[in-house]
Number of protein chains: 10
Amino acid sequence: MAEDKAKLISILQGVKLKSGKSYNEIAEQTGLTNVYVAQLLRRQAQLKPDTAVKLKAALPELSDHLLNEMMKPPVRSYDPNLIQDPTVYRLNEAVMHFGESIKEIINEEFGDGIMSAIDFYCSVDKVTGVDGKDRVVVTFDGKYLPHTEQKSEHMVSKKKLPGSQ
Amino acid sequence: MAEDKAKLISILQGVKLKSGKSYNEIAEQTGLTNVYVAQLLRRQAQLKPDTAVKLKAALPELSDHLLNEMMKPPVRSYDPNLIQDPTVYRLNEAVMHFGESIKEIINEEFGDGIMSAIDFYCSVDKVTGVDGKDRVVVTFDGKYLPHTEQKSEHMVSKKKLPGSQ
Amino acid sequence: MAEDKAKLISILQGVKLKSGKSYNEIAEQTGLTNVYVAQLLRRQAQLKPDTAVKLKAALPELSDHLLNEMMKPPVRSYDPNLIQDPTVYRLNEAVMHFGESIKEIINEEFGDGIMSAIDFYCSVDKVTGVDGKDRVVVTFDGKYLPHTEQKSEHMVSKKKLPGSQ
Amino acid sequence: MAEDKAKLISILQGVKLKSGKSYNEIAEQTGLTNVYVAQLLRRQAQLKPDTAVKLKAALPELSDHLLNEMMKPPVRSYDPNLIQDPTVYRLNEAVMHFGESIKEIINEEFGDGIMSAIDFYCSVDKVTGVDGKDRVVVTFDGKYLPHTEQKSEHMVSKKKLPGSQ
Amino acid sequence: MAEDKAKLISILQGVKLKSGKSYNEIAEQTGLTNVYVAQLLRRQAQLKPDTAVKLKAALPELSDHLLNEMMKPPVRSYDPNLIQDPTVYRLNEAVMHFGESIKEIINEEFGDGIMSAIDFYCSVDKVTGVDGKDRVVVTFDGKYLPHTEQKSEHMVSKKKLPGSQ
Amino acid sequence: MAEDKAKLISILQGVKLKSGKSYNEIAEQTGLTNVYVAQLLRRQAQLKPDTAVKLKAALPELSDHLLNEMMKPPVRSYDPNLIQDPTVYRLNEAVMHFGESIKEIINEEFGDGIMSAIDFYCSVDKVTGVDGKDRVVVTFDGKYLPHTEQKSEHMVSKKKLPGSQ
Amino acid sequence: MAEDKAKLISILQGVKLKSGKSYNEIAEQTGLTNVYVAQLLRRQAQLKPDTAVKLKAALPELSDHLLNEMMKPPVRSYDPNLIQDPTVYRLNEAVMHFGESIKEIINEEFGDGIMSAIDFYCSVDKVTGVDGKDRVVVTFDGKYLPHTEQKSEHMVSKKKLPGSQ
Amino acid sequence: MAEDKAKLISILQGVKLKSGKSYNEIAEQTGLTNVYVAQLLRRQAQLKPDTAVKLKAALPELSDHLLNEMMKPPVRSYDPNLIQDPTVYRLNEAVMHFGESIKEIINEEFGDGIMSAIDFYCSVDKVTGVDGKDRVVVTFDGKYLPHTEQKSEHMVSKKKLPGSQ
Amino acid sequence: MAEDKAKLISILQGVKLKSGKSYNEIAEQTGLTNVYVAQLLRRQAQLKPDTAVKLKAALPELSDHLLNEMMKPPVRSYDPNLIQDPTVYRLNEAVMHFGESIKEIINEEFGDGIMSAIDFYCSVDKVTGVDGKDRVVVTFDGKYLPHTEQKSEHMVSKKKLPGSQ
Amino acid sequence: MAEDKAKLISILQGVKLKSGKSYNEIAEQTGLTNVYVAQLLRRQAQLKPDTAVKLKAALPELSDHLLNEMMKPPVRSYDPNLIQDPTVYRLNEAVMHFGESIKEIINEEFGDGIMSAIDFYCSVDKVTGVDGKDRVVVTFDGKYLPHTEQKSEHMVSKKKLPGSQ
């Protein structure tokens with residue numbers, strides 16, 4: 001299945017290349033974040049019906065077959081060697097070195113919970129620093145999810161198991 | 001910090017041992033699932049104020065200092081060698097061997113999303129099989145979280161970044 | 001052999017896709033759990049003769065050759081990268097973080113033993129939480145197996161080794 | 001907890017050393033396999049009440065406190081570096097190199113199932129080879145466990161979840 | 001040295017705890033990002049002289065000795081098991097699953113280069129989503145660094161090596 | 001070479017399948033252990049000339065070419081993922097959890113040495129347990145090899161190096 | 001994509017082979033470091049337009065298609081087994097054994113920062129040692145990057161997030 | 001136990017240091033290979049009674065307690081980080097890079113078998129190369145062990161299992 | 001490239017097979033060690049011009065093309081799974097278990113340095129042990145390399161960097 | 001032993017700290033490279049007698065005991081987590097990404113050999129780039145070692161083994 005996914009990505013990248021459009025331009029035309037457009041074209045996200053129409057408008061070479069494939073729930077994955085890439089490594093380095101600090105601030109400001117990676121937005125932006133030089137801004141924006149207190153009365157599946165415990 | 005956590009757990013386990021109560025009995029008295037009680041006494045979950053009162057009633061030897069410690073957001077962790085334990089290995093084996101099947105059924109029945117491990121309940125129950133023998137039932141009950149479609153207009157943090165992109 | 005297995009799974013998935021049936025529907029028609037149906041179609045379980053008849057009824061496109069292949073004892077396996085998939089990771093996270101608690105409750109309620117992953121049932125269900133939202137319920141139901149006390153007189157193979165020890 | 005276990009093992013080994021008895025002698029006096037005696041004195045198995053009496057008879061220096069500790073369900077574990085030991089490595093080499101063959105013969109002679117490592121006996125014996133030289137015989141004797149066919153009607157926990165699926 | 005660092009962090013965290021201030025409050029009073037304050041108190045960043053004055057004002061219990069220790073270049077590090085923590089894992093998951101997409105957008109918008117993790121800012125913010133729920137926003141803001149074209153005439157160290165090549 | 005080996009195994013397995021014989025039946029006809037027959041047909045052992053005649057008698061479809069290939073010293077190997085298979089894992093679990101005990105008994109009963117995995121026999125047998133249920137017996141029978149005391153006068157290669165040391 | 005990269009590298013190496021030129025000769029003709037030329041021909045660096053002209057002059061067999069491919073931002077990567085190569089291992093050994101010393105000297109002479117691997121030059125030179133023997137000199141020359149003090153007022157992306165914190 | 005071993009080694013090394021003797025000198029006086037002497041003083045080999053007398057003569061400070069400890073079967077082990085040491089790495093590099101060639105020559109000259117690492121001698125010698133420079137000669141001298149053909153009639157343990165197979 | 005190497009090795013092994021000569025015979029005819037001949041035919045060593053003539057004489061089927069390929073500097077490598085092979089594992093076991101002892105003897109007899117794996121000879125010999133049985137002797141003979149004292153005045157590359165430090 | 005090394009390093013670093021001298025200043029006064037001075041004070045290199053005098057002059061607080069300890073051959077080692085440090089990671093990244101290119105240039109310019117990491121110099125220098133900014137220059141200068149052609153007549157240890165091969 002990994003091979004099928006690789007082939008599909010290769011075709012999708014080819015369609016984008018022919019279109020001459022950047023991820024930002026497609027994002028503009030579809031109302032999506034630029035990262036999400038790239039995820040769609042790498043089969044790391046599911047294309048929704050309404051968005052399929054807009055994406056087809058932005059990339060008219062996308063066949064119905066391709067659009068259908070893109071509308072299936074994908075198997076999310078990555079090549080473990082991706083960590084070798086300097087761009088990805090720097091992001092990983094930041095996460096691991098700053099991880100405990102980020103966790104503690106979430107605990108202080110929100111409570112005992114996490115930032116969801118599922119109800120989640122990501123974008124890459126270009127800003128100008130105070131020294132006038134270009135800076136990359138990667139924004140991770142995820143819903144706060146508190147760890148549930150596991151009360152038996154709230155565990156619906158449990159209540160349906162009469163006589164258990 | 002790992003050592004502090006280990007010491008605290010050791011003290012909490014001692015309190016439980018003295019009380020002579022099982023996790024199930026404490027669960028009964030506090031209205032929590034049995035697994036969650038065990039997690040509280042292993043500092044893998046945060047004790048909430050209302051529950052602190054009930055837990056104190058169930059385990060009167062718990063000092064205020066201990067209760068206060070239990071009310072801090074914990075650092076969730078495990079010893080990687082835990083996988084050697086036959087009970088834990090069997091669970092892990094089931095997850096890895098049945099994983100793709102579980103994922104596909106979630107996709108079919110719910111859509112492109114996951115079972116949350118944060119808005120999540122877990123319990124262990126004892127039932128009698130059709131052969132009259134004891135069976136262990138481990139229930140994982142987590143909220144369904146659909147993968148968000150990342151529309152720029154819904155990404156609040158992005159809208160606040162004027163002129164970006 | 002891994003390739004042969006992959007090809008066979010691909011064909012089996014194609015048969016299911018054409019049938020337009022969900023795992024739940026096939027489960028209903030064959031009297032199996034939904035997860036087990038998926039395991040059969042991924043060659044992670046052996047198809048039994050009686051069930052072969054029911055499965056053929058549910059998926060008439062299954063050729064005799066395919067049914068025969070499905071009736072061989074499979075080599076159970078998984079791609080180690082499967083852990084990258086968010087659904088599988090969440091399950092694994094739960095097992096590792098809750099593992100010691102589950103073990104201790106089994107010890108308290110059953111004795112010194114484990115939950116079998118062989119005499120084992122698994123199903124995925126959809127329930128509605130107290131907040132009215134969908135929840136995924138994964139049930140692991142395995143026979144309790146006590147660790148044997150290894151008495152020489154009960155070790156049949158030993159008694160047949162005259163003069164040993 | 002790992003440290004507590006290590007200390008306890010060290011004390012138990014000291015008791016055995018003082019007694020001057022070999023594992024085989026203690027096995028003889030307690031009716032256990034020699035490997036199981038060693039497992040008890042390494043806290044890798046739970047001492048049962050009846051056997052506690054016999055073990056006390058064989059090793060009178062075992063205090064009640066020690067016997068009580070030995071009667072708790074142990075956390076089974078091993079040091080991953082144990083694989084470096086030539087004796088252990090040779091066993092591991094045999095398992096990995098002969099593993100597929102053993103699996104296939106089990107499949108042919110028993111069906112689609114495994115040898116249990118829980119309902120399991122192990123002993124080490126000394127025999128004389130056809131060349132008159134000493135040979136080590138390690139016997140693994142485990143119950144055959146067939147992989148269950150997961151029929152919904154036999155999954156008791158499922159039947160208690162009315163309306164599920 | 002790892003132990004010395006752990007002790008120092010423990011003391012610094014104690015000072016903060018006594019002060020009753022959150023990372024955000026200290027950030028406000030020192031003009032730093034909240035994540036950077038946390039990094040300083042975990043010895044993952046070097047305290048600069050001007051900021052030492054402000055930090056002393058915000059946390060008067062910080063002794064001169066502690067401030068001096070904080071002004072040394074730290075050894076940046078993390079416990080590899082930190083990845084077990086659900087908050088950190090979710091960030092890591094996002095980086096690995098979105099990594100190639102982020103790289104490609106940087107290539108399109110900036111050229112062949114990376115986001116620095118050294119000339120780098122990080123903050124955690126709380127925003128309200130379109131559904132009125134809390135969201136965590138983690139911002140990574142790093143200088144764009146183009147991969148240098150390695151021209152001999154620009155390699156100063158090379159020019160000083162007369163006769164080389 | 002790994003591929004060549006895989007192809008050869010596939011052909012050998014095909015010959016066995018066609019013959020309709022089990023490993024046990026071929027073992028009976030060739031005077032070998034059942035595991036060893038399986039090893040021969042997986043190219044994990046070298047076929048000896050005398051045995052080649054018997055094997056040809058048991059499996060007449062084995063061509064001379066195949067027999068010749070089977071008579072070469074094989075490259076012994078295994079797929080590291082084999083450990084995922086529940087049958088193999090259970091064996092490995094037993095070896096790792098019982099390893100130190102087995103080593104100590106060998107030391108007590110034989111001296112400072114190991115069980116050879118080269119001068120080694122392995123068989124799988126079916127016995128009936130005291131509960132009347134089937135049990136799998138895996139026997140490892142290896143020559144005891146004492147660790148040599150390295151005396152210079154016994155090190156022949158050293159004596160031939162005049163003037164060394 | 002890894003395969004495409006491997007094929008392209010193979011073609012580029014073929015062009016160089018046919019030309020009969022060494023990396024040093026091409027470096028001389030293009031004004032690049034010898035290592036950088038090799039990186040270009042391994043697709044580990046992006047060919048810049050001005051240099052493309054010079055490289056075409058040095059290697060006239062390079063087609064426009066190849067030059068175009070070389071002008072895309074590459075995916076930087078390496079085979080993890082490369083560490084087996086003695087030349088690469090020796091370099092790695094030096095980095096790991098001398099790493100802390102190098103870090104401390106950078107801290108003393110430059111401050112709290114690192115040597116960039118992006119704004120970076122590398123060359124291999126041949127010199128004659130004091131014993132008259134050939135020596136390999138590998139020079140790493142990277143821009144010094146100080147770790148930024150993360151002041152909120154300098155974090156441009158933060159200032160654009162009004163009302164945050 | 002690892003700690004106990006480390007302490008014992010430290011004491012043994014102290015005794016040797018005080019004696020002012022080299023491994024070669026002790027080897028000369030005890031009739032052992034130099035490597036084996038070092039192994040004894042690192043508790044990687046068992047001291048035999050006859051040799052204990054000679055070793056005591058060579059190192060009179062060895063107490064009876066120490067000699068007794070040295071006469072127990074040791075747990076053979078090594079620190080996995082030992083591979084970092086350049087001397088050990090070079091040996092490992094040679095084994096891995098030359099391994100297949102060594103195996104093939106053993107197959108050609110001896111048959112299908114291995115060099116034992118148990119019935120094994122090792123020494124380190126100093127010779128003068130053809131260029132007049134010092135060379136290190138490490139000799140591995142192990143008994144040739146042919147892989148056994150596993151004939152049932154030769155498997156003594158099997159013959160004692162009446163009715164099996 | 002790994003594939004090209006594998007194909008080339010396969011062809012070279014075919015040439016040797018056809019010749020009917022053993023590594024020892026070719027070694028005799030070319031004046032090389034037997035291991036080195038095997039390394040040449042596995043492309044783990046570079047064929048030198050003078051030796052090419054002798055090798056051609058010993059293996060006349062070697063085409064000029066093959067000889068040319070063998071004269072290129074090879075990429076030295078190995079399959080990490082090679083460690084599974086019992087022959088290679090035993091060698092590795094010896095290196096890791098005896099490693100510290102070998103290092104210490106080198107330090108005592110030679111000084112602070114290592115045995116080179118580059119200026120290095122290796123051979124496999126057959127000798128008869130004191131018990132009249134065959135023994136395998138693997139000899140590693142490498143130049144002693146002392147760790148250099150890094151004096152600035154001897155670092156030629158440094159002296160050419162005027163004004164540095 | 002690792003602990004002893006750590007304590008010694010801590011004392012040596014304390015001596016340097018008290019002296020108020022930088023590695024560069026000590027290098028100047030002892031005639032060593034700055035990296036080598038740091039290696040000496042981290043016990044990664046052996047102090048030679050002549051240099052001991054100069055080092056004592058530069059750091060008069062070094063006791064004779066410390067100097068004696070520094071004159072022993074060290075066990076070279078590193079903490080594997082050191083790779084987390086950004087400075088060390090950047091160096092490692094450069095080595096792995098540029099490794100094949102460096103190897104090929106060495107092959108072209110020197111032949112089939114490597115850069116020694118034993119007869120090796122390393123220094124860190126500060127230069128000013130063409131943009132006027134500080135740059136770090138790390139120089140690796142190692143003797144070129146050609147892979148030996150293993151001729152039997154040149155293998156002295158072999159010639160001493162009469163009758164072998």
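This passage describes the symmetry relations, chain separations and charged groups of a predicted model.

Two copies of a chain are in general related by a rotation about an axis together with a shift along it. For chains A and E, superposition gives an RMSD of 0.0 Å, with a turn of 180° and a shift of 0.0 Å along the axis. The two copies are therefore related as by a two-fold rotation axis. Within chain A, the C-alpha atom nearest this axis belongs to A:Thr139, at 2.4 Å from it. The same surface serves both copies, since 100% of the contact residues of chain A recur in chain E.

A further relation links chains D and H. Chain D is laid on chain H by a turn of 72° and a shift of 0.0 Å along the axis, again with an RMSD of 0.0 Å. This is the relation of a five-fold axis. In chain D, D:Pro80 carries the C-alpha atom nearest the axis, at a distance of 9.3 Å.

Some pairs of chains are not in contact. Chain I does not touch chain B, the nearest C-alpha atoms of the two being 22 Å apart. Chain I likewise does not touch chain C, and here the nearest C-alpha atoms are separated by 17 Å.

Although chains C and I do not touch, both contribute to a patch of negative charge on the surface. This patch gathers Glu3 and Asp4 from several chains, namely A:Glu3 and A:Asp4, C:Glu3 and C:Asp4, F:Glu3 and F:Asp4, G:Glu3 and G:Asp4, and I:Glu3 and I:Asp4. The elements that each supply two or more residues to the negative patch are helices α1 (2-19) of chain A, chain C, chain F, chain G and chain I. In chain C, for instance, C:Glu3 lies in helix α1.

Charged side chains are also paired in salt bridges, of which the count over all chains comes to 111. One of the pairs is formed by A:Lys18 and A:Glu61, whose closest N and O atoms are 3.9 Å apart. This salt bridge connects distant parts of the chain, with the two positions 43 residues apart in numbering. A:Lys18 is located in helix α1 of chain A, whereas A:Glu61 is located in the loop between α4 (49-58) and α5 (64-70) of chain A. Helix α1 of chain A thus holds A:Lys18 of this salt bridge and also gives residues to the negative patch.

Methods
Residues numbered from 1 in each chain as written. Chains lettered and ligands numbered in written order. Predicted model: local features only at pLDDT ≥ 70, side-chain atom pairs only at ≥ 80, totals over all residues. Heavy atoms only, no water. Least-squares fit on C-alpha atoms with pLDDT ≥ 70 in both. Contact = heavy atoms within 4.5 Å. Patch = residues over 30% accessible without salt bridge, like charges linked within 9 Å, V, L, I, M, F, W, Y side chains within 5 Å. Areas by Shrake-Rupley, 256 points an atom, 1.4 Å probe, with all protein chains shown as cover. Salt bridge = Lys/Arg side-chain N within 4 Å of Asp/Glu carboxyl O. Lys, Arg positive; Asp, Glu negative; His and termini not counted. Charge placed at Lys NZ, Arg CZ, Asp CG, Glu CD. Helix = DSSP H or I, 4+ residues; strand = E, 2+ residues; numbered from the N terminus.
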